[in-house]
Amino acid sequence: MHEHTLAELSRLLNTGKISSTELTRLYLERAERLNPQLNGYINTTPERALAQAKAADLTILHKNHGPLTGIPIAHKDIFCVDGTRTSCGSKMLDNFIAPYNATVVEKLDAAGMVTLGKTNMDEFAMGSSTETSYYGPTTNPWDTSRVPGGSSGGSASVVAARLAPAATGTDTGGSIRQPAALCGITGLKPTYGLVSRYGMIAFASSLDQGGPMSRTAEDAAMLMNAMVGFDPRDSTSLARPKLDYTAHLSDSLAGVKVGIPKQYFTDDLDTDTANKVQEAIKQFEQAGASLHPVDLPNTHLSIPAYYVIAPAEASSNLSRFDGVRFGYRCQNPVDLLDLYTRSRAEGFGREVKRRIMIGTYVLSAGYFDAYYLKAQKIRRLIRDDFQNALKQVDVIMGPTTPKPAFKLNELIDDPVSMYLSDIFTVSVNLAGLPAISIPAGFSGQLPIGLQIIGDYFSEAKLLNIAHQYQLHTDWHKQTPGGFA
Amino acid sequence: MSLQQSDIRTIAKLARLAVKEDELAQYQQALGSILGLVEQMQAVQTDTVAPLAHPLDIHARLRPDVVTETDQRAKFQQIAPETENGFYLVPRVIE
Amino acid sequence: MLWEPVIGLEIHVQLATRSKLFSGAATRYGAAPNVQACAVDLGLPGVLPVINAEAVRMAITFGLAVNAEIADTSIFARKNYFYPDLPKGYQISQYELPVVANGTLDITLEDGTSKTIRITRAHLEEDAGKSVHEGFASRTGIDLNRAGTPLIEIVSEPDLRSSHEAAVYMKKIHTLVRYLGISDGNMQEGSFRCDANVSVRPKGTEKLGTRAELKNINSFRFVELAINHEIARQIDLLESGHKIIQETRLYDADKDETRPMRSKEEANDYRYFPDPDLLPIHITIDDIALIRNTLPELPDHKRTRFIKDYALSEYDSEQLSGSREIADYFETAVSTAGGQAKLCANWIIGDLTATLNARNLELSASPVTASQLGGMIKRIADNTISSKIAKQVFEAMCNGEGDADAIIASKGLQQVTDTGAIEKIVDEVINASPEQVKQYRDSPEEKRAKLIGYFVGQIMKKSQGKANPQQVNQLLKDKL
């Protein structure tokens, strides 16, 4: 049962082959049994899940249901769920019971989905390995001595290990796509502004975007139908006509122009990864797409610009964690300054503090122009590069990551090397574009991801292209040994 | 760009992060290497480039002036470290 | 040495919106602590701001009233600092591209001359919460009801040269924002507050001295006191060979002194940057035109018009254009009275104001409406009642006894103009006062005017004040 996709589960629920309650119990049972190896869930919420499942079963009985009614899902612990601890992977919020629902959670609840629990993540989404979590690292189900990627590593891990049929994630510099690639699942980062950020604890506001993490592109399309939509509570949310993201999955790929940037295939790229990605791209050619070289000349500047802009915004976004109204407060503060400095020093982990300090520095008097403003200018150059390329082609393809999953603790003390693992993903966030990562083969037993980047609001096209690939491949159907 | 330990202290103070003496060197090294990475930007000529604060060139949508929120103090203060008579409490502040 | 003070004001005006600048929480004053602090105001993790359109409209309204430039694109920025009444650790304010820039306001000085004060900018920002220092054992209590209330901060150039000029300017802004209906201007409730940047320099020199910023000035009286105090302090320091340190000082009205603010001791680096949660506001020419059309007549225009149209004195016009309410009251009264502008002005500035003050009432809560007052003045004008009787009528109106006409009728206060009836009383009084008659007749002409007062008094008493005074005077002169 746990091998089914959302599309299949939808049919089974609809025809009464299984109830939501049975399905929910099944996943909760798997989570209880298998999560200790992965630490993908910070916690499950069985009571809430079973209550939702019961309600979903009634809805199905009364034929009031939609395609997602009764299907379980896991939420990254960055999304506020009313009455549930929402930790953002931090000691700072270990005691934080969210008093309201994120819009994404409201929407998926309204679609009838059942929340299984909250998934592990890098603290405040700052990381590419899920090792910076206060709750300990999540492991990769394909090799539990390796990282699942990050920051949505918990979501990627539980979906890959079939401890949830799908999950939510957030992507600030690759946090959906990179773990999806390293865990062999499908992850979509939508166009900035399509999915509401309300109730999604902010890391870098101009870059953050929530999105689906699932087994297949078809599943991602079903989730997008529920997640996308204008939210009056988010000033950066876009009001656009409602789309059915599943409507164009079957479109032919004949005539699709695929851009291949030379900057994505450099000597730094792991050979196996390069080969598998090239093979995948060839398959698109066979399906009728044409390949074209494109130029993204400022790609090498995306990491520097990103590691100024994201920490700058984060340093300000994380100022609200001050031990006054919620979250961690240090013991016996002697005065206000002590309350602030100690609550924050004790409540935040090392990587978060590093980024707060970098962000504080690049915004401070005398450095603003050289760092923050400069980075904003480079941000424009990077966006312009994409716009030029996307005038010539429909989508851009390349590897999601420079190499497959690395070992736990391999990069944890080397922030710069860790940051460089985001080389292919961060530029997409700087430009605000949509991109999807799909399984495109294995290096040994480790999955490799293909990234497909499209123009603004081209999610349906990306899902169509990904779905067509998945119709002809079975990389996404592989289950990690030990989790079958 | 190299940072002195005194710079680390200044930044930490601005960010309200307590940093122990024995952590200064770690931060100095880590932040220094991050700034080194970021330094590549300076090689690019950007005098004629306008900064881009937001990926989408759109304007703010304004909200009508309507009261939509109700009193949820009890719920919000349940998660607060210290409250009394509806106030949040902090160590005494001298203005 | 002669010193010249150089003063610039930063006036914070709370806007009279129903909801907050970035959330749907109410802005009502006086609620129990933290009941009007919603998730957004508290800065809970994950919440986001959304701009209140009405606050933007009000800021533009102010800009148009001071002939300022209205930005076509305006940006919100974060001002980062830690303070317990600032929940997010940053204040959403404006730095580059404020809504309003480069305005002017003319003030009238004591000698009657006019001076133009330049307004550098006026920007939108959110107010902070309040810290309460009393009532908690070694703790400070934080109430965030005020957090997120919209403000405009109006920043003047350092064009003011005395504490008096500063007070006049501050009053003028106060009158203006109330005219525009964008603030209640209530200073007790903190809706209108001011910081003053004060420095001194040797008279005749150009270079600005080092300034101190005075915080927490919340009355017109205090602005004069605080600035005077600060000027004296700075001159003392300079004359005794010391230097002024640039610092923030708090005005303590109880002690009439300024002292350095502990909380502002360290130089702040606010790390302003565009708020990534908010997109730029776009203000079109059409938006501006629409708002311009709704602008009310402004105080200066009203004052000039009152002098011209109603032949009022400078003083009366100033008083009657002091607020929209009083100006409207005056014009309604005049229209009901069918003219008599001077009489209306006298009654409003005199008896009405005295009554309101005695009862501690705002004009809006006046027991006598403008048309009631106008109705009474109409009766003075057509000689139905004398000015003296009018006082009785006014008092009765104040006590809610109805309109002037009804009161005059029910109390029989109508003036007696029937010559026969008055003559009868005059005769009675003359007959009853032989001594006074003799004295009058024996006196030279220049002393008679004084002595006649006795007879007038007696006659008015007998007629219960209703006899027409002119007629009484004429009859007495004839008969004596």
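Two residues are said to be in contact when heavy atoms of the one lie within 4.5 Å of heavy atoms of the other. In this predicted model, ten residues of domain 1 of chain C are in contact, in that sense, with twelve residues of domain 2 of chain C.

**Domains of chain C and the pocket between two of them**

The domain assignment divides chain C into domain 1 (10-192 + 264-290), domain 2 (297-411) and domain 3 (419-479). Taken over C-alpha atoms, the centres of domain 1 and domain 2 of chain C are separated by 36 Å. Both of these domains give residues to the lining of the second largest pocket, and this pocket therefore lies between them.

The volume of the second largest pocket is about 1500 Å³, and 40 residues line it, with C:Thr175, C:Arg178, C:Gln319, C:Gly322 and C:Ser323 lying nearest its centre. Among the elements of chain C that give two or more residues to this lining are E6, helix H3 (163-179), H4, helix H6 (299-310) and helix H7 (314-320), and helix H8 (324-337) and helix H9 (341-359) of chain C belong to the list as well. H3(C) supplies the largest share of the lining, seven residues.

One of these lining elements, helix H6 of chain C, holds C:Tyr310. Leaving aside residues up to four places away in sequence, C:Tyr310 touches C:Arg305, C:Phe330, C:Glu331, C:Val334 and C:Ala341. C:Tyr310 and C:Trp3, which are 307 residues apart in sequence, are 44 Å apart in space, C-alpha to C-alpha.

**Enclosed space**

A search of the whole structure finds four cavities of 30 Å³ or more. The largest cavity has a volume of about 100 Å³ and is lined by 13 residues, of which C:Val40, C:Asp41, C:Lys88, C:Glu126 and C:Gly148 lie nearest its centre. The table sets out the classes of residue in the lining of this cavity and in that of the second largest pocket.

| Lining | Nonpolar | Polar | Charged |
|---|---|---|---|
| Second largest pocket | 13 residues | 15 residues | twelve residues |
| Largest cavity | seven residues | two residues | four residues |

**The nine-stranded sheet of chain C**

Chain C contains an open sheet of nine strands, in the order E2-E6-E7-E10-E1-E11-E12-E13-E14, whose pairing is mixed. Its edge strands are strand E2 (69-70) and strand E14 (257-260) of chain C, each of which pairs on one side only. Within the sheet, strand E7 (residues 114-126) and strand E10 (residues 150-156) of chain C pair in the antiparallel sense over seven bridges, and C:Ile119 has C:Ser156 in E10(C) as its bridge partner.

Helix H4 (residues 220-239) of chain C packs on this sheet, where it touches strand E1 (3-14), strand E11 (192-202), strand E12 (212-217), strand E13 (247-252) and E14 of chain C, with a direction that makes about 25° with that of E11(C). Helix H2 (residues 53-65) of chain C lies across E2, strand E6 (100-108), E7 and E10 of chain C, and runs at about 170° to E7(C).

**The three-stranded sheet and its helix from chain A**

An open sheet of three strands in chain C has the order E5-E4-E15, with antiparallel pairing. Strand E5 (90-93) and strand E15 (273-274) of chain C stand at its edges with a single partner strand each, so that one side of each is left without a neighbour in the sheet. Strand E4 (residues 77-80) of chain C pairs with E15(C) in the antiparallel sense over two bridges, and C:Ala77 stands opposite C:Pro274 in E15(C). The helix that packs on this sheet is helix H9 (residues 302-317) of chain A, which touches E4, E5 and E15 of chain C and whose direction makes about 60° with that of E4(C).

**Backbone features in a loop of chain A**

Most residues other than glycine have a negative phi, and most peptide bonds are trans. Against that background, the peptide bond from A:Gly150 to A:Ser151 is cis, with omega near 10°, and A:Ser151 lies in the loop between strand E3 (114-119) and helix H5 (153-160) of chain A. A:Ala125, which is also found in the loop between E3 and H5 of chain A, has a positive phi of about 65° although it is not a glycine.

Methods
Residues numbered from 1 in each chain as written. Chains lettered and ligands numbered in written order. Predicted model: local features only at pLDDT ≥ 70, side-chain atom pairs only at ≥ 80, totals over all residues. Heavy atoms only, no water. Pairing = 2+ DSSP bridges. Helix = DSSP H or I, 4+ residues; strand = E, 2+ residues; numbered from the N terminus. Axes fitted to C-alpha atoms, helices over the stretch in contact; angles between N-to-C directions. 1 Å grid on protein atoms, 1.4 Å probe; cavity = no way out; pocket = protein on both sides within 12 Å on 5 of 7 lines; lining within 4 Å. Points joined across faces, edges and corners; volume = space filled by probe spheres on them. Nonpolar A, V, L, I, M, F, W, Y, C, P; charged D, E, K, R; others polar. Domains from an automatic or database assignment.
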